[in-house]
Amino acid sequence: MRGERGQASVELVGVLPLVVIVGALLWQAVLTGQAVWLSGSAARAAARAAAVGGDPAAAARRTLPPRLERGLRVRAGDGVRVVIGVPAVIGGGTLTRVAARAGFPEQSP
């Protein structure tokens, strides 16, 4: 048994990088899901604002947390299209962009 002393520590050190990578990938998936969900919410808020004559970009911006506001693009026309950046877990940049579209018929006052 003397030759196996410390074996668990060696195995832990060997597996630890894999655990960190899997954790980072899972957290990235959570952030991507949140960005998709919030882009839909922002698009609906922007479409409601556009339908009553308000500012769709301001409505979308109020819906998003500050980290997602940075790359926000709002295009109004036939409905409203909102594009936001998905923050990267590692590096702090933008991993990709997600878009959502929503529309309401114009409301008369």
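In these legends, two residues are in contact when heavy atoms of one lie within 4.5 Å of heavy atoms of the other. The structure shown is a predicted model.

**Figure 1. The loop that holds glycine 92 joins two strands of the chain.** Glycine 92 lies between strand S2, residues 79–87, and strand S3, residues 94–102. When neighbours within four places in sequence are left aside, glycine 92 is in contact with Arg67 and Arg70. Glycine 92 counts as partly exposed because its relative accessible area is 39%, a value between the limits of 20% and 50% that set buried and exposed residues apart.

**Figure 2. The chain as a whole is made of helices and strands.** The model contains 3 helices and 3 strands. Read from the N terminus, these elements follow the order α-α-α-β-β-β. The C-alpha trace spans about 85 × 20 × 20 Å along its principal axes. The radius of gyration of the chain is 22 Å, whereas a compact globule of 109 residues would have a value near 13 Å. Buried residues account for 28% of the 109 residues. Of the contacts between residues at least 6 apart in sequence, 42% join residues at least 24 apart.

**Figure 3. The surface and the charges of the chain are considered together.** The accessible surface amounts to about 7,500 Å², and carbon and sulfur atoms contribute 60% of this area. The chain carries 13 positive and 6 negative charges, and the mean positions of these two groups are 4 Å apart.

**Figure 4. Glutamine 28 is a buried residue of helix H1.** Helix H1 covers residues 7–51. Glutamine 28 is classed as buried because its relative accessibility is 13%, and the cut-off for buried residues is under 20%. The side chain of glutamine 28 reaches the backbone oxygen of proline 87 at a distance of 3.1 Å. Beyond residues up to four places away in sequence, glutamine 28 touches Val86, Pro87, Ala88, Val89 and Leu95.

**Figure 5. Glutamine 34 also belongs to helix H1.** With a relative accessible area of 39%, glutamine 34 is partly exposed. Alanine 102 is 68 residues away from glutamine 34 along the chain, and the C-alpha atoms of these two residues are separated by 18 Å.

**Figure 6. Serine 39 is a buried position in helix H1.** The relative accessible area of serine 39 is 1%, so this residue is buried. Residues up to four places away in sequence are not counted in its list of contacts, which comprises Val82, Ile84, Val98, Ala99 and Ala100.

**Figure 7. Isoleucine 84 is a buried residue of strand S2.** Isoleucine 84 is buried because its relative accessible area is 0%. Apart from residues up to four places away in sequence, isoleucine 84 touches Ala35, Ser39, Leu64, Leu68, Gly71, Leu72, Thr96, Arg97 and Val98. The contact with Ser39 appears from the other side in the list for serine 39, which includes Ile84. Isoleucine 84 and alanine 42 are 42 residues apart in sequence, and their C-alpha atoms are 9.5 Å apart in space.

Technical notes. Residues numbered from 1 in each chain as written. Predicted model: local features only at pLDDT ≥ 70, side-chain atom pairs only at ≥ 80, totals over all residues. Heavy atoms only, no water. Helix = DSSP H or I, 4+ residues; strand = E, 2+ residues; numbered from the N terminus. Rg over C-alpha atoms; globule rule 2.2 N^0.38 Å. Buried < 20%, exposed > 50% of the residue type's maximum accessible area, 1.4 Å probe, protein only. Areas by Shrake-Rupley, 256 points an atom, 1.4 Å probe, with all protein chains shown as cover. Lys, Arg positive; Asp, Glu negative; His and termini not counted. Charge placed at Lys NZ, Arg CZ, Asp CG, Glu CD. Polar contact = N/O pair within 3.5 Å; in protein donor to acceptor, adjacent residues only side chain to side chain.
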